[in-house]
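Please look over the structure shown below before reading on. The report that follows takes up one helix and its surroundings, then the fold, and then the charged pairs.

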Amino acid sequence: MTADVLIVEDHASMREAMRAVLEQEGFEIREAADGDAAKSRIEDRTPDLIFLDLNIPGTSGEDLLQWVKQDPGRSTARVIIVTATGDEGKEQVIELGADAYFTKPFSPLALLRTVEEVLGPSAK
C-alpha cells in the first residue's frame with residue numbers, strides 16, 4: 001500500500017523539493033498552499049501523513065494541527081511539523097499532537113529518516 005502524503009507549505013519551491021524526494025520513494029503526494037486548502041483536502045480523504053508548515057496563510061498550521069488531532073475521524077493522520085523557526089515552538093506543537101518536528105532547510109536523507117521514524121520502515 002502506498003502512503004498518502006499531504007504537503008501543506010506556502011512556498012512552491014519547498015513543496016516541489018519535498019514532492020520530488022517523496023515521489024521518488026513511491027509515496028502518493030497531494031499538496032496545499034494554505035490552511036484552508038489543506039482542510040478541504042483532508043476532508044476529501046484523510047492522509048496517512050501530513051507535512052505541515054506552521055506559518056501558512058488562511059487557517060494557521062497550529063490551528064490545523066489541532067483540528068486534525070481533535071477529530072476521531074482524522075486523528076489517525078500522522079503530522080510532521082516543518083518549520084524554519086528552529087526549535088522554539090517544538091514543545092508546544094508536540095503537546096498539541098504533532099508526531100515529529102522537522103526544521104528547514106533539510107537534506108533529502110533527513111526528510112526520509114523522519115518519515116521512516118513516524119510511519120515505520122515499511123511505509124511507502
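## Helix α3 and its cover

In this predicted model, the buried residues of helix α3 are covered by elements that include β1, α2, β3, β4 (78–83) and α4. The residues of α3 that count as buried are G61, L64, L65, W67, V68 and K69, and K69, in addition to being buried, takes part in a salt bridge that is described further on.

## Overall fold

The protein has five helices and five strands, and from the N terminus on its elements follow the order β-α-β-α-β-α-β-α-β-α. Its radius of gyration is 13 Å, close to the 14 Å that the globule rule gives for 124 residues, so the protein is as compact as a globular protein of that length. Along the principal axes, the C-alpha trace spans about 30 × 30 × 25 Å.

Of the 124 residues, 44% count as buried, while the accessible surface comes to about 6200 Å², with 45% of that surface belonging to carbon and sulfur atoms. When contacts between residues at least 6 apart in sequence are considered, 60% of them join residues at least 24 apart.

## The β1–β2 pairing

Strand β1 pairs with strand β2 (residues 28–32) in the parallel sense, over five bridges. Between these two strands the chain passes through α1, and the resulting β-α-β crossover is right-handed. Within the pairing, D4 stands opposite E28 in β2, and D4 and E28 also belong, together with R30 and R45, to a network of salt bridges.

## Salt bridges across the chain

Side chains of opposite charge can pair when their charged atoms come close. The structure holds eleven salt bridges, and three of them are described here, among them the pair of R45 and D4, whose closest N and O atoms are 3.0 Å apart. This pair links distant parts of the chain, with R45 in the loop between α2 (35–44) and β3 (49–53) and D4 in strand β1 (residues 4–8), 41 residues apart. The two partners differ in their surroundings: R45 counts as partly exposed because its relative accessibility is 38%, whereas D4, at 5% relative accessibility, counts as buried.

A further salt bridge joins the side chains of E9 and K104, at 2.8 Å from N to O. Here, too, distant parts of the chain are linked, since E9 lies in the loop between β1 and α1 (12–24) and K104 in the loop between β5 (100–103) and α5 (108–119), 95 residues apart. E9 is buried, with a relative accessible area of 1%, and K104 likewise counts as buried, because its relative accessibility of 15% falls under the 20% cut-off.

The side chains of D99 and K69 also meet in a salt bridge, with a distance of 3.2 Å from N to O. D99 lies in the loop between α4 (90–95) and β5, and K69 lies in helix α3 (residues 61–69), so the pair ties together parts that are 30 residues apart in sequence. At 28% relative accessibility, D99 counts as partly exposed, whereas its partner K69 is among the buried residues of α3.

Notes:
Residues are numbered from 1 along each chain as its sequence is written. This is a predicted model: local features need pLDDT of at least 70, side-chain atom pairs count only at pLDDT 80 or more; totals for chains, interfaces and linings use all residues. Side-chain values use heavy atoms; hydrogens and water are left out. A salt bridge is a side-chain nitrogen of Lys or Arg within 4 Å of a carboxyl oxygen of Asp or Glu. Helices (H or I, at least four residues) and strands (E, at least two) are DSSP runs, numbered from the N terminus. Buried means under 20% relative accessible area, exposed over 50%, partly exposed in between (1.4 Å probe, protein chains only). Two strands pair if DSSP finds at least two bridges between them. A crossover is right-handed if, with the strands pointing away from the viewer, the path from the first strand over the helix to the second runs clockwise. Contact means heavy atoms within 4.5 Å. The radius of gyration is taken over C-alpha atoms; the globule rule is 2.2 Å times the number of residues to the power 0.38. Accessible areas come from the Shrake-Rupley method with a 1.4 Å probe; for residues, only the protein chains shown count as cover.
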